[in-house]
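Me: Please take a close look at the surroundings of the ligand in this model, and at the annotated residues. I would like one connected account rather than a list.

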Amino acid sequence: MEVTNVCEYEELAKKKLPKMVYDYYSAGAEDQWTLKENREAFSRILFRPRVLVDVTKIDMTTTVLGFKISIPIMIAPSAMQKMAHPDGELATARAAASAGTIMTLSSLATCSVEEVNATGPGIRFFQLYVYKDRNIVRQLVRRAEKAGYKAIALTVDTPRLGRREVDIKNKFTLPPNLTLKNFENLDLGKMDKANDSGLAAYAASQVDQSLSWKDVKWLQTITSLPILCKGIMTAEDTRMAIEYGAAGIIVSNHGARQLDYTPATITCLEEVVKEANGRVPVFLDGGVRRGTDVFKAIALGASGIFIGRPVLYGLAVDGEAGIKNVLKMLRNELEMTMALSGCTSLEDITRDRVLTESDKIR
Ligand code: FNR
């Protein structure tokens with residue numbers, strides 16, 4: 001049966017993947033209220049379509065940090081993709097490149113920065129967790145630079161790993177045939193399997209809980225790559241990020257895997273966009289599953305969005321072809337949404353094209 005939308009891949013992936021892996025990919029933190037809300041908040045935003053516009057030609061191209069991409073839909077970093085499919089992050093890199101968009105590689109990938117780079121040309125960002133041992137951070141950043149990555153996405157919402165209760169119940173660990181490839185030569189590649197949840201133990205022991213704004217400045221002393229702060233949800237932190245030299249902001253609640261009962265990212269987007277006031281681009285991830293969601297995020301001021309789980313589910317079901325299909329479906333849906341609401345370029349997707357709960361009924 002033909003897959004006709006992105007959400008169907010989740011059902012198919014659930015059937016195909018071992019329970020421990022599906023649970024790890026799909027889970028949110030604690031009550032998973034934010035997980036549901038990331039989706040539901042999109043459904044409360046409605047359109048104000050314009051008609052009788054010539055939409056024979058629709059341009060979805062845009063520029064991110066100076067790099068031209070074919071669609072405003074990029075790939076968020078997600079850990080351990082080889083659990084989904086033997087090709088893992090290599091398939092993701094190939095699918096992103098063939099769709100003409102950006103892939104972000106996780107620090108916790110099961111393929112190294114160099115292996116991903118060796119898949120061929122493509123625009124790639126490297127996601128960074130900051131570890132207590134700053135030499136590790138220096139090495140990771142240097143390797144990413146050398147391998148041609150174009151930006152660092154610094155994850156700022158994970159001083160500790162959120163509590164995902166299914167992972168605790170499943171005693172989640174990375175399967176023994178896989179390693180965290182970026183750490184292979186750093187003697188950190190194996191997680192402590194004796195503990196409750198191997199990943200939690202690993203992350204808890206290595207991630208630097210003291211990470212603070214001054215480290216954003218420090219990072220700029222060890223790299224010339226632009227730094228995106230990933231995981232900002234408020235105007236206050238937007239101000240700080242810009243003050244401390246961030247080149248862009250990703251509004252994210254980590255796919256609802258960190259602090260439960262944060263609002264949906266789409267609910268926080270406008271606050272951040274207003275504060276940024278055009279000084280740096282603002283991106284969003286969390287719950288984007290439809291072209292209409294992409295349109296709504298752009299109307300509320302995002303310069304582009306990232307998708308997380310849909311990539312993992314597409315990869316699990318059909319490898320590189322599955323991810324390509326996810327990107328294609330979202331692309332087609334965005335194009336259709338633009339056509340049916342009278343927009344021929346992303347610049348046409350202005351604030352007055354949507355109606356949010358905070359708008360008065362006109
Ligand atoms: C993530 N995410 C994530 N973020 C990050 O900065 N580093 C990482 O290693 C990971 N790993 C990871 C694993 C899995 C299984 C998931 C689902 C997510 C968060 C990710 O980058 C992104 O913020 C969310 O996934 C976006 O939400 P959606 O699209 O999954 O709803």
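Reply: What follows goes from the ligand to the annotated positions, then to a helix pair and a few single residues.

This is a predicted model, in which local features need pLDDT of at least 70 and side-chain atom pairs count only at pLDDT 80 or more, while totals for chains, interfaces and linings use all residues. Residues are numbered from 1 along each chain as its sequence is written.

The shell around the ligand holds 24 residues, of which A76, S106, G255, G308 and R309 come nearest. A residue counts as near a molecule or strand if its C-beta atom, placed from the backbone, lies within 6 Å of it. Two elements, α2 (19–26) and α13 (309–340), give two or more residues to this shell. Helices (H or I, at least four residues) and strands (E, at least two) are DSSP runs, numbered from the N terminus. By residue class, the shell has 9 nonpolar, 11 polar and 4 charged members. Here Ala, Val, Leu, Ile, Met, Phe, Trp, Tyr, Cys and Pro count as nonpolar, Asp, Glu, Lys and Arg as charged, and the others, Gly among them, as polar.

The unreviewed UniProt entry annotates Y24, Y129, R164, H254 and R257 as "binding site". UniProt positions are given in the numbering used here, feature names are shortened, and annotations may be inferred rather than shown by experiment. Two of these positions can be described further. Y129 sits in the loop between β6 (124–128) and α6 (134–146). Y129 counts as buried because 21 C-beta neighbours lie inside 10 Å. The cut-offs are 20 or more other C-beta atoms within 10 Å of its own for buried, 12 or fewer for exposed, and partly exposed in between, with C-beta atoms placed from the backbone. Leaving aside neighbours within four places in sequence, Y129 is in contact with S107, T155, T158 and V207. Contact requires that the C-beta atoms of two residues, placed from the backbone, lie within 7 Å.

R257 belongs to the loop between β9 (248–251) and α11 (265–276). With 23 other C-beta atoms within 10 Å, R257 is also buried. Not counting residues up to four places away in sequence, R257 touches A27, G28, A29, G162 and R164; R164 is itself among the annotated positions.

Helix α13, which contributes to the ligand shell, also packs against α1 (residues 6–16), at an angle of about 175° and with the axes 10 Å apart. Axes are lines fitted to C-alpha atoms, for helices over the stretch in contact, and angles run from 0 to 180 degrees between N-to-C directions. The two helices α1 and α13 are therefore roughly antiparallel. That word applies to angles over 145 degrees, against under 35 for roughly parallel, 65 to 115 for roughly perpendicular, and oblique for the rest. On the α1 side the contact involves V6, Y9, E10, L12, A13 and K16, and on the α13 side P310, Y313, G314, A316, V317, G322, V326, M329 and L330. These residues of the contact divide into 11 nonpolar, 2 polar and 2 charged.

Two residues other than glycine have a positive phi: M80, near 55°, and K171, near 50°. M80 is in the loop between β4 (73–75) and α4 (88–99), and is buried, with 22 C-beta neighbours inside 10 Å. K171 is in the loop between α7 (165–170) and α8 (198–206), and is exposed, with 12 C-beta neighbours inside 10 Å.
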